[in-house]
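Visitor: I've got a fold open on my screen and I'd like to learn how to read it. Could you walk me through it?

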2 protein chains.
Amino acid sequence: MLPDGVSSFIDKNREIFVSDLMRFLEIPSVSTLSEHEKDVERAAEWILEQFQACRISGRIYPTARHPIVLARSPEVRGAPVLLVYGHYDVQPPDPLEEWKTPPFSPDRRDGCVYARGATDDKGQFLTYIEAVRSVLGAGLELPINLVFLVEGEEEIGSSNLEKFLTDHIAELRADAVAISDSSQFAPGIPAITYGLRGLCYLQLDMQGPRFDLHSGSFGGLIENPAHALATILAKMKNSDGTIALPGFYDDVLPLEQWEREEMASLPLDEEKLGDYLGVSRFTGEPGYSLLERKGARPTLDVNGIWGGFSGEGAKTIIPGKAGAKVSMRLVPNQTPEKITELFQRFVSENTPPGITIKITDLYGANPVLVSRNTAAMRAAERAIEAGFGKKPVFIREGGSIPVVNLIKKHLGQENILLLGWGNPDDGAHSPNERFSLDDFHRGIRSAAALFYEIARG
Amino acid sequence: MLPDGVSSFIDKNREIFVSDLMRFLEIPSVSTLSEHEKDVERAAEWILEQFQACRISGRIYPTARHPIVLARSPEVRGAPVLLVYGHYDVQPPDPLEEWKTPPFSPDRRDGCVYARGATDDKGQFLTYIEAVRSVLGAGLELPINLVFLVEGEEEIGSSNLEKFLTDHIAELRADAVAISDSSQFAPGIPAITYGLRGLCYLQLDMQGPRFDLHSGSFGGLIENPAHALATILAKMKNSDGTIALPGFYDDVLPLEQWEREEMASLPLDEEKLGDYLGVSRFTGEPGYSLLERKGARPTLDVNGIWGGFSGEGAKTIIPGKAGAKVSMRLVPNQTPEKITELFQRFVSENTPPGITIKITDLYGANPVLVSRNTAAMRAAERAIEAGFGKKPVFIREGGSIPVVNLIKKHLGQENILLLGWGNPDDGAHSPNERFSLDDFHRGIRSAAALFYEIARG
């Protein structure tokens with residue numbers, strides 16, 4: 001349900017909302033790079049200004065690293081409380097040379113805006129602010145109480161969020177939580193996500209000789225750390241694609257039959273997906289469908305690898321050191337703590353003599369499944385139908401949103417609504433990330449409708 | 001034999017020669033990096049100026065890439081001709097952060113000069129020019145005819161040298177060739193090198209998806225090129241350290257018994273070598289001694305590896321591409337051509353579906369053994385004794401000097417004298433490369449003595 005006045009305000013102000021988005025996207029709030037610390041702060045300030053402009057009062061809370069914005073709409077007595085979570089930080093934009101237009105100079109083309117953070121998560125989160133603006137712009141009062149929690153560390157593991165939640169439990173009490181940091185199932189097939197994978201992200205550094213050596217003079221005498229690294233990474237997977245860390249699958253909760261059938265019924269266009277990714281063939285764990293592997297089975301990926309000479313031409317050295325970033329996506333009931341232990345043990349047991357190792361824990365998140373049979377979920381279904389003109393499907397997503405676990409754990413919240421306005425091919429974490437302006441518009445409509453549907457109960 | 005006047009001139013002018021060397025080392029003549037093209041040219045010009053200053057006439061010949069300097073001393077009728085080869089190009093200096101002083105600001109400390117190229121090959125080659133200066137400085141005429149061949153592409157495979165040699169066969173005719181681009185066996189144990197390994201240096205590029213993907217959304221569906229690369233590199237070696245490319249050892253000439261005995265008799269200080277390299281343990285092909293593995297057995301090394309995210313923190317991507325530089329040191333009778341074929345076949349057969357590969361040939365050199373029973377070799381032994389006060393030992397070196405094969409092949413030259421003035425721990429190709437000023441001095445003495453010993457026959 002969306003009041004006519006609100007609906008027409010959203011339609012009339014479409015362009016103004018797009019220009020708000022462009023301004024937000026101009027801020028290079030890359031949380032993982034310390035050189036962007038000021039930009040991350042600026043993004044938090046920008047958010048606060050938007051809140052102030054629509055009568056939502058809040059403030060910026062410093063943390064050990066990047067600040068958190070907490071804000072609240074004027075009290076509506078007797079109405080339910082909806083907590084809206086978003087993040088204003090973004091992934092690093094590299095490889096820069098693959099962007100058609102610069103990542104922080106948002107470019108509008110083909111009905112989309114292209115910029116780092118367009119879909120993940122600036123564009124999706126901003127829909128809630130524009131929805132508030134639209135209710136007020138239509139001359140109405142908000143039908144519910146809104147609490148906004150916006151952080152700047154989602155892309156680096158939300159490590160300061162837990163303390164913040166426990167310090168602010170009373171202020172964060174709500175009847176439901178809305179998070180738009182996932183996707184539709186496919187363009188035109190809106191979705192509610194009920195499962196997220198967890199994450200265990202580690203860095204493995206290897207040191208061989210104390211500096212780079214002449215490979216002619218010393219080749220044949222010592223372990224090459226780049227080769228030792230390659231060998232360990234190779235051993236982490238079996239030839240059939242399964243993960244070889246002993247015990248890795250022990251805690252994995254098997255998929256239920258109804259879930260496998262539901263996934264099988266979703267209209268996945270494999271050819272189109274292959275074209276988008278530029279791969280001629282899908283591969284992965286045997287015995288599971290593509291959608292099962294994508295959202296409901298654990299994985300292991302090398303996210304980065306380095307060592308020795310990568311410049312132009314030939315340099316004949318044995319590198320002194322080499323390293324890799326390795327991450328594993330987890331499913332219920334795996335935990336990053338246990339997987340980290342398995343990884344450490346595996347690496348120790350497979351490191352040749354003459355090589356020293358260091359493992360750094362960079363990111364951890366538990367996997368999660370949220371309850372589908374709640375009134376809040378029904379309200380979200382109706383809101384999406386109001387915004388997109390179609391009922392959503394239910395999906396499990398391969399990514400992780402650390403806050404979901406924290407909200408479950410510390411706020412005891414079970415009504416978590418993961419409502420993706422964007423699309424799987426928006427290029428989150430990739431060059432040329434984008435957000436369809438139609439989806440932005442439909443997202444604003446859905447967000448506004450959600451206020452009314454949650455209020456209705 | 002070194003005339004007293006020459007000997008005392010060398011002693012008296014020690015400091016002047018050091019300042020010449022410092023100036024030469026200031027030129028960042030990195031041949032593999034196109035941004036240093038002008039510097040490489042400048043180094044050639046500097047060489048030519050030195051020749052002109054000691055009555056050696058020559059010129060700079062352009063090639064398809066970096067120029068070659070060819071020069072000749074005033075004719076001494078009836079005297080033999082000695083061809084002296086050197087190279088004025090250097091390896092890239094990275095990793096820059098590991099240098100204690102900048103690589104192209106030569107720093108004098110601990111009795112050494114520290115700079116890229118100090119030992120390889122600027123310092124060692126310069127001894128011949130200073131030797132000429134010293135003969136003339138002592139008021140004498142040169143006892144032999146000298147031809148100098150100095151190139152700027154040794155560190156990138158000497159690819160334009162072959163054409164140059166065949167175009168200038170007549171001018172390069174000589175009774176013996178001297179090349180100081182190797183090392184002593186150990187500090188205070190001068191050596192003549194009679195064997196060099198060959199080289200086959202390749203780059204392997206792998207492409208998976210067409211850009212970096214979100215590892216949450218797409219992990220589990222496609223081949224990760226960094227993982228595929230690690231797997232192929234790992235497969236290239238067996239668990240005992242031998243090389244697994246089928247056919248790799250087929251053409252290897254077994255070591256002869258006398259050679260193994262001679263190598264075993266050399267006083268290698270393994271503990272000191274381990275300390276220098278910073279490794280707690282030596283490893284390598286079973287059944288061969290450290291010196292055999294170092295100089296007389298083939299090897300395979302990853303010289304560099306890259307792919308995906310290597311910055312600070314966590315970036316959850318599946319890289320679009322990954323690559324590695326891989327080189328193999330060859331021994332008689334292996335050839336880079338055949339090894340390249342084996343490598344290509346191995347990679348093709350081990351590339352998983354969904355990954356495309358590209359192999360680029362960056363450098364190739366044949367292995368070589370030179371005859372030890374010649375009058376020129378006896379002359380070199382005496383010259384080293386005159387310069388270092390000690391008879392040299394005979395060794396096989398693990399590195400490659402492409403010109404040696406070319407000289408054998410095109411000039412039919414068998415009297416090739418590989419006379420190393422530097423030391424194995426000078427750090428050629430490593431950060432903080434250096435050259436002992438005592439060795440520089442002894443090298444000048446030996447070079448001058450060589451002129452007289454070769455003249456004596």
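Guide: Let's go from the overall shape down to a single helix. Keep in mind that this is a predicted model.

Visitor: What radius of gyration does chain A have, and how does that sit with a compact globule?

Guide: You compare the value with what the chain length would give. For 457 residues a compact globule would come out near 23 Å, and chain A has 23 Å, so the two agree. Along the principal axes, its C-alpha atoms fill a box of roughly 80 × 50 × 45 Å. Buried residues account for 56% of chain A.

Visitor: Which domains is chain A divided into?

Guide: Domain 1 takes 4-196 + 367-456, and domain 2 takes 198-252 + 298-365. Their centres, over C-alpha atoms, are 35 Å apart. Where they touch, eight residues of domain 1 of chain A contact 10 of domain 2 of chain A. The domain 1 side of that contact has four nonpolar residues, four polar and no charged.

Visitor: What about secondary structure: how many helices and strands are there in chain A?

Guide: Chain A has 14 helices and 18 strands.

Visitor: Where does helix α4(A) bend?

Guide: Check the end-to-end span of a helix, then look for a kink. Helix α4 of chain A, residues 118-137, has its end C-alpha atoms only 25 Å apart, while a straight helix would reach 28 Å. The bend, about 25°, is at A:Thr127.

Visitor: Why call α4(A) largely enclosed?

Guide: Because 18 of its 20 residues are buried. After α4(A) comes A:Gly139, with a positive phi near 85°.

Methods: Residues numbered from 1 in each chain as written. Chains lettered and ligands numbered in written order. Predicted model: local features only at pLDDT ≥ 70, side-chain atom pairs only at ≥ 80, totals over all residues. Domains from an automatic or database assignment. Contact = placed C-beta atoms within 7 Å. Nonpolar A, V, L, I, M, F, W, Y, C, P; charged D, E, K, R; others polar. Helix = DSSP H or I, 4+ residues; strand = E, 2+ residues; numbered from the N terminus. Rg over C-alpha atoms; globule rule 2.2 N^0.38 Å. Buried ≥ 20, exposed ≤ 12 C-beta atoms within 10 Å, placed from the backbone. Expected span 1.5 Å × (residues − 1). Bend = angle between axes of the 7 residues up to and from the residue.
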